[in-house]
Amino acid sequence: MLDKILFLLCLASALADERCMPDTPHGFQVRLSIKTALGDEAYVWNENEMFLFRASLAFAMRNHMNGQQFEVSNIIVCNETMRVSFWFIVTSPLDTSQLIDQENVEAAIRQSRNRINSAFLLTDKTLEFVDILPTLATLYTHPTPPWLIVFGVVMGAVSAGIIIMLVSSVVQKKRKTNRKPQDEDDDEETRVKTVENGDAHDGIHNMSFSEDERFTKM
Amino acid sequence: MSFPRLSNPGLDDRILSHQQLDKLEEDEAGDRPKWDNKAQYMLSCVGFCVGLGNVWRFPYLCQSHGGGAFMIPFLILLVLEGIPLLHLEFAIGQRLRAGSMGVWSAIHPYLAGIGIASMCISLTVSLYYNTIIAWIMWYFFNSFQDPLPWSQCPMDANLTGFVSECERSSPVDYFWYRKTLNTTPAIEEDGGLQWWILLCHICAWSVLYICTIRGIETTGKAVYVTSTLPYVVLTIFLIRGLTLKGSLSGIKFLFTPDLTELAKPTTWLDAGAQVFYSFSLAFGGLISFSSYNSVHNNCEQDAVIISIINGLTAVYAATVIYTIIGFRATERFDNCLSGNILALLNAFDMAEGSITDNNYNQVVQHLNETHPKVIQGIDLKTCDLTTFLSEGVEGTGLAFIVFTEAITKMPLSPLWSVLFFIMLFCLGLSSMFGSIEGILVSVQDLKVFPKTFPKEAITGVICALCCLVGLIFVLGSGNYWLSLFDTYGASIALLVVAFCEMISVVYIYGIDRFNNDIKFMIGHRPNFFWQASWRVISPLIMFFILVFYLVTKVSEKLLYKAWDPESEKFPTLEEKLYPDWIYVIIFILAGIPSLAIPFAAICKCLQKKGRKKSNLAIISQSNLNEQ
């Protein structure tokens with residue numbers, strides 16, 4: 001009995017080993033960096049997590065190849081390490097001896113990458129499919145560049161300021177020239193008045209402007 | 001016994017006597033503009049002195065010349081060179097109540113060349129300095145978005161990857177050299193006008209125009225903001241910087257003294273040059289500012305206070321900058337180390353967390369012994385914090401590359417970016433006020449425009465002309481032209497002018513007369529320190545710096561650093577030789593202001609001889625007629 005079990009196990013592992021091995025042309029290597037991504041909230045990688053992985057990969061294959069009913073058993077995993085890295089291959093649900101080729105597997109993973117990542121609370125960088133390049137995030141291109149808007153605001157304010165200053169200096173000058181002939185008339189009148197009054201007093205000497213303050217205080 | 005001086009007849013006819021000055025003060029006659037209050041004057045001077053150099057030149061010098069030890073030559077030369085020269089300019093401006101041109105022409109007609117030289121220097125500096133302000137405005141405008149445009153590389157044309165130039169260098173380098181400058185690989189290729197920088201250039205000159213439109217009437221109000229805001233922002237950055245990881249290693253690195261640097265003459269030369277340029281002496285702007293003061297203003301006190309503020313600001317700014325640089329260096333070091341650890345974990349399939357920062361070295365050693373070939377295959381990078389810290393950059397590289405990169409790593413980056421560039425903008429603008437003042441007053445003294453021309457129009461014409469000539473810096477090769485102007489336009493000429501200023505005041509105006517003037521203005525004669533420094537120490541220091549500078553500049557090969565994506569060492573800047581026709585331009589930049597001094601003296605001399613001859617001719621003619 002024991003012999004039979006041992007033989008079956010060896011057969012099974014032999015079958016698995018044959019096609020799933022490092023650098024297999026039909027599969028990919030996966031690397032998870034759970035501690036880097038989650039720090040203190042990192043979960044432990046165990047059998048259940050591996051089951052989830054196989055299930056999400058089967059989900060991805062189902063999404064990509066419409067109609068084919070991939071099951072968890074179609075995802076074969078091997079070479080698990082302490083790093084948390086392993087290799088996997090995908091068998092066809094119709095014929096387990098047939099392996100799905102790399103291009104299809106890659107396309108399936110790319111399509112559902114986001115969903116697979118979210119299942120594990122990881123990102124493209126921390127759930128790494130070696131040799132599948134992560135989709136690059138494009139910078140959001142604004143319809144109008146924001147710098148142009150700020151420039152417009154600043155330039156508008158400065159131009160308005162310049163116009164106001166120029167207009168105000170022109171107005172000031174006009175007012176000065178209008179007042180000048182008036183002032184000259186007033187001066188003549190007051191001079192005539194004082195002569196007429198003939199006051200002996202020159203006015204009270206203003207004591208507030210004394211000559212002691214020679215040095216400008218800070 | 002009076003100090004030897006050259007005979008200077010007719011000096012009394014050209015300047016106001018003490019009684020006349022007092023009368024002028026009493027009657028408040030004269031159409032000279034005045035400061036509204038003392039604070040405006042002090043803020044304008046502080047703003048002029050404290051500029052971009054305090055932020056991006058001094059920290060670099062400090063760090064590269066032995067950290068804390070650099071303070072020693074800096075402070076010594078500040079006291080022996082900076083303060084006396086500053087006091088001299090303030091006092092002579094306040095006494096003679098004229099701008100640079102007026103002051104030197106009044107002392108002796110042959111010295112008009114000094115005023116002309118100051119004006120040329122102010123003009124040269126204004127041209128390129130405002131382009132730096134335009135670049136600052138460009139970065140400021142681009143800071144109002146999250147994420148900042150220099151935090152990521154853009155995608156290439158077919159969206160398969162990042163732009164190659166950006167990938168090979170870094171996003172901040174790419175944004176600076178390509179998106180901002182769109183720099184050409186060599187100075188001969190001009191690359192055409194870059195329209196986005198042209199817009200910022202026009203904006204910068206418009207802002208400058210509105211601030212200087214009525215001379216000190218408007219700049220006096222503007223300096224309340226432009227001179228105080230940088231200190232506020234520096235304090236905010238200091239508080240923010242100190243809370244970041246690695247900031248203290250930056251400060252420690254900056255201030256760790258290396259006393260062996262004091263033995264090198266280049267340290268002292270750099271310190272002297274930094275003190276000198278940092279005080280914006282010989283531009284003529286400080287003389288103008290001081291001439292708007294009342295006659296009895298205490299210029300001695302002002303000179304000491306402003307020097308102290310300038311020195312302290314430099315140290316303060318260096319501290320702030322290095323907290324941020326320390327943070328950036330630590331960030332880079334951590335990334336380098338994490339990258340290495342990841343590579344090791346992946347290669348040896350070890351569990352996460354088995355290699356940490358602490359046991360990294362031991363693990364690598366152990367693995368090197370057991371699997372040397374694998375280790376070699378991984379190609380681990382050397383991570384050394386000191387190397388990252390001493391990636392000392394100065395000038396535009398510090399502001400637009402290193403600091404912007406550090407900002408992208410801080411949370412709330414757009415806010416810090418906006419604050420940083422507002423601070424740089426204010427620092428640059430307040431320095432521009434002084435330069436424009438130097439040009440404006442000289443142009444008025446030269447009577448280029450008729451007297452009926454309103455001040456607004458004169459300022460407008462000057463700003464428009466400078467804006468047009470400054471278009472050379474908006475070209476693709478503009479960055480190379482700017483560093484050319486920066487290196488040769490101001491440096492040597494300023495030293496020559498300052499030296500001539502000292503000699504003129506001490507020996508041609510007469511140090512005894514100068515002492516009496518100061519006694520009249522502030523109430524006591526300048527003490528022994530001022531006497532010694534004006535007569536002997538400062539001119540000697542200036543002379544040594546000038547000679548050393550000339551010797552080093554003439555002997556070195558004329559190279560410039562170019563950003564060339566085709567070069568082998570990309571992204572390191574490639575050193576290229578200037579083309580031959582650049583020598584003509586360098587001669588114009590450095591030679592014309594310096595040669596203007598003797599040239600103007602000769603012209604005036606010939607004019608005088610010509611007038612004497614014609615006078616004699618008239619007299620002899622009239623004698624003949626009488627007979």
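These are my notes on how chain B and chain A meet in this predicted model.

**Confidence.** I began with the scores. The predictor gives the complex an ipTM of 0.86 and a pTM of 0.86. For chain B, I found an average pLDDT of 89, with 99% of the residues at 70 or above. I then went through the elements of chain B: mean pLDDT is lowest in helix α1(B), residues 11-14, at 79, and highest in α11(B), at 95.

**Size of the contact.** Next I looked up who takes part. I get 48 residues from chain B and 35 residues from chain A. Together the two chains bury about 3500 Å², and 67% of that lies on carbon and sulfur atoms. On the chain B side, the residues that lose the most area to chain A are Phe141(B), Asp349(B) and Glu352(B), which together make up 20% of what that side buries.

**Polar side of things.** How many salt bridges cross the interface of chain B and chain A? The rule finds zero. It does find nine residue pairs in polar contact across this interface, both partners at pLDDT 80 or more.

**Which elements of chain B.** I listed the elements giving two or more residues to the side that touches chain A: α8 (112-141), α11 (195-212), α17 (299-348) and α25 (491-522), each of chain B. Of these, α11(B) gives the most, with ten residues. A nice match to my earlier entry: α11(B) is also the element of chain B with the highest mean pLDDT.

**Make-up.** Last, I sorted the chain B side by class. Facing chain A, I count 28 nonpolar, 13 polar and seven charged residues.

Methods
Residues are numbered from 1 along each chain as its sequence is written. Chains are lettered from A and ligands numbered from 1 in the order in which they are written. This is a predicted model: local features need pLDDT of at least 70, side-chain atom pairs count only at pLDDT 80 or more; totals for chains, interfaces and linings use all residues. Side-chain values use heavy atoms; hydrogens and water are left out. Contact means heavy atoms within 4.5 Å. Buried area is the accessible area (1.4 Å probe) that two parts lose on being put together, summed over both. A salt bridge is a side-chain nitrogen of Lys or Arg within 4 Å of a carboxyl oxygen of Asp or Glu. A polar contact is a pair of N or O atoms within 3.5 Å; within protein, one must be able to donate a hydrogen and the other to accept it, and residues adjacent in sequence count only if both atoms are side-chain atoms. Helices (H or I, at least four residues) and strands (E, at least two) are DSSP runs, numbered from the N terminus. Ala, Val, Leu, Ile, Met, Phe, Trp, Tyr, Cys and Pro count as nonpolar, Asp, Glu, Lys and Arg as charged, and the others, Gly among them, as polar. pLDDT is the predictor's confidence in each residue, from 0 to 100.
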